[in-house]
Amino acid sequence: MARRNRKGKRAQRQSSVGVIRVSRRGFAFVDTPEGELFIHRSHLRGAMDGDLVEVVRSRSLESKMRQQDEGSQVRSGRYSQTHENPLLIGVVRSVMERAHETIVGTLHYQDGLAIVHPHNEHIPYDIFLDPRAPQGRHAKEGAIVSVRMTTYPGRLEAASGYIEEVIGEEGEQGLGIEVIIREHGLETVFSAAALEEGATLASRGFTEKEESLLRRDLRGRFIFTIDPSDAKDFDDAISVDFIEGQLRLGVHIADVSAYVAWDGAIDLDARRRATSVYLPDRVIPMLPPLLCDELCSLKAGEDKFAFTIDMLIDSNGAPLATEFYPSRIRSSVRLSYDEVAEILDDLDKGVSSDHESLLHRKIQALRRLAKKLQRRRLQRGAIEFASVEPKLTLDQEGRVVGVRLRTKTEATSIIEEAMILANEQVAGYMLAHDAPAIYRVHDEPLANTLSEILPVLQEFGHALQGIPQSSREIQEILASSEGSPEHHLLSSLLLRAMKRARYATTYTTHFGLASRHYTHFTSPIRRYPDLMVHRLLKYRLADMAPPTGLLKQLDWICDHASEMEREAEQASFEATALKLCEFLKPRVGETFSGIITSLSASGFTVREDETTAEGYVERESLPEGFLHDRQSQRYHDPESGGEYRLRQPVRVILKAVDVSRVRLQFVIA
């Protein structure tokens, strides 16, 4: 009988594996098949934010929680223990894989010990320095350092390590970005072998290589690039012609694979980096500058190797025939998005000078095609998320001197639609031929994630009987709100509910694009998966099998590239938030207009309109009498009738800026 009880207990404590997310307050969450488990700080067992952990659900802890007063708050500001919203509680059984080999923090000396306090507030452990390690013995109090971990925290052990690098002193200009770069493990220096290989390639000049595929000469075509005004690397060019009454769209992509050999020094560096990283004050390129800015870049007036996709398009925007081949091109014109916007404006006004008429006709044809392609995507259920991104202008010292908000325009849509179509055509070809490939996959969102924002959607006036089941339903919600004050907020909430797109060797679906086949082919200068797709497509066109070593790496490349993409995006987000804090610090005391973007039991977040910077309004700063109503996503005062709701426009005063912690504190004006 006792044995059966133990078996039953073991069955109840079946473990799950997941990535742990540790909050700033020390508690954590892990997604499991049973649902999201809450992990108290005392049950972390040394786990750090981002670690892969084995967890078990603890019904005994849940029972203790249920015995507390109904509705008692678990100090997350997010979850409450009620019958309608039961809290699942777990404990970490073991850490299976560590996410942090190095940790950045501030060095302090205390009672003869050297201790590093992590900058990452999601790591709730101090790190003790090994006094025997020679590195960093003379680092000053308050220095910002990178620590190599030697011992991770456990039941009986404290976290310890040694200083690998002294990054700088607190308050140094530009130090914040350096910290972000190291926290995300971004490589900033190319290997000597890669630089030497790049110099050798550059010294050869533009020479034809022996290849299995014939490279066609397209220098007679009118081809041009459209990019941001500050772009340095041009990895895509475009052309449009009419062949016997049919429109031919040409997408010409920099042929990086013609220069970067598999398993070469440059390739190995690029494989580790996986992506270029765009920060407000710099770009950390995937390829050495000699290649990304010079040799491979499709600069106007220069002969370049490209990989061309020619697509014949019918009058409805559907591709009739597609051809892939290596090419040699010479871009005729380099255009910025602003210049294209001016051309489109001239076309609307009927203005066109003789020397620009050819270019204007090409832009007009592309504009019409882009509208058809977009209409076809929306008809099949693709989701058009609205986004606003701050574009920062920096002076020579790296200080922000201006912020411009960047949104999707007709000019950006021309390129976006052409690239989406090209990516779909490559993926469709590889799938049709059952060829090894890397695909871009976007899985359907989890039902429970969408259910969390269902009350918000209903609050905005969407009469939904249940959670949205398809991308078409989500697109209809966004379309119905277009032009309203809440459109961008709704788009943001729905986007957060989506799963992240990822790379995979097997194609399943792309929920956001509602595409039957999709890959990344159009940016090989800045994304490693695109470079791999170029290689694999060349092998397929030549009817050759890729090398065994290459095929064995594909799954790892997909996982690694997906992970590095997340790191790059997060680093970019953090660096932009840091620069906005620096920009707004002298403006403490000023009043701003904004919109409430999220609410919790501890307060709410306001995104101010001028720069999109987000700051927090603490609950304690609200007038007495305001209560938090989680169900309706609002704070309200039953006596006065006053309220603060999600999406509500508000006027706030910037009370404080903490640049070191990248935080803005607002109070209601």
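Which residues do ring pairs link into a cluster with Phe604? In this predicted model, the cluster joined by ring pairs consists of Phe604, Phe626, Tyr635 and Tyr644.

The structure as a whole holds 11 aromatic pairs. In one of them, formed by Phe27 and Phe29, the ring centres lie 5.8 Å apart and the planes meet at 85°, so the arrangement is edge-to-face; an angle over 60 degrees is what places a pair in that class. Both partners are covered, Phe27 being buried at 9% relative accessibility and Phe29 being buried with a relative accessible area of 6%. The pair of Phe604 and Tyr635 has its ring centres 6.0 Å apart and its planes at 55°, and is therefore classed as tilted. Because Phe604 belongs to strand β25 (residues 603–608) and Tyr635 to strand β28 (residues 634–636), this pair ties together parts that are 31 residues apart in sequence. Phe604 is buried, with a relative accessible area of 0%, and for Tyr635, also buried, the value is 0%.

Aromatic rings also take part in arrangements with charged side chains. The charged end of Arg215 is placed over the ring of Phe305, at 4.1 Å from the ring centre, while the charged end of Arg271 lies over the ring of Trp262, at 3.8 Å from its centre.

A further polar site is found at Asp443, which is located in the loop between β22 (439–441) and α10 (447–459). With a relative accessible area of 19%, Asp443 is buried, given that the term applies under 20%. The side chain of Asp443 makes a polar contact with the side chain of Arg502, at 3.0 Å. When residues up to four places away in sequence are not counted, Asp443 touches Lys499, Arg502, Thr508, Thr509 and Phe511, so that Arg502 appears both among these neighbours and as the polar partner of the Asp443 side chain.

Helix α13 comprises 14 residues (528–541), and at 1.5 Å a residue it should span 20 Å; its end C-alpha atoms are 20 Å apart, which agrees with that expectation. The helix is mostly covered, with 12 of its 14 residues buried. The buried set includes charged residues such as Asp530, Arg535, Lys538 and Arg540, together with Leu531, Met532, Val533, Leu536 and Leu537, among others. After α13 comes Asp543, whose phi is positive, near 55°.

Terms used: Residues are numbered from 1 along each chain as its sequence is written. This is a predicted model: local features need pLDDT of at least 70, side-chain atom pairs count only at pLDDT 80 or more; totals for chains, interfaces and linings use all residues. Side-chain values use heavy atoms; hydrogens and water are left out. Helices (H or I, at least four residues) and strands (E, at least two) are DSSP runs, numbered from the N terminus. The expected span of a helix is 1.5 Å times one less than its number of residues. Buried means under 20% relative accessible area, exposed over 50%, partly exposed in between (1.4 Å probe, protein chains only). A polar contact is a pair of N or O atoms within 3.5 Å; within protein, one must be able to donate a hydrogen and the other to accept it, and residues adjacent in sequence count only if both atoms are side-chain atoms. Contact means heavy atoms within 4.5 Å. Rings of Phe, Tyr and Trp (its six-membered ring) pair if their centres lie within 6.5 Å; planes under 30 degrees apart count as stacked, over 60 as edge-to-face and the rest as tilted. A charge sits over a ring if NZ of Lys or CZ of Arg is within 6 Å of the ring centre and within 35 degrees of the ring normal.
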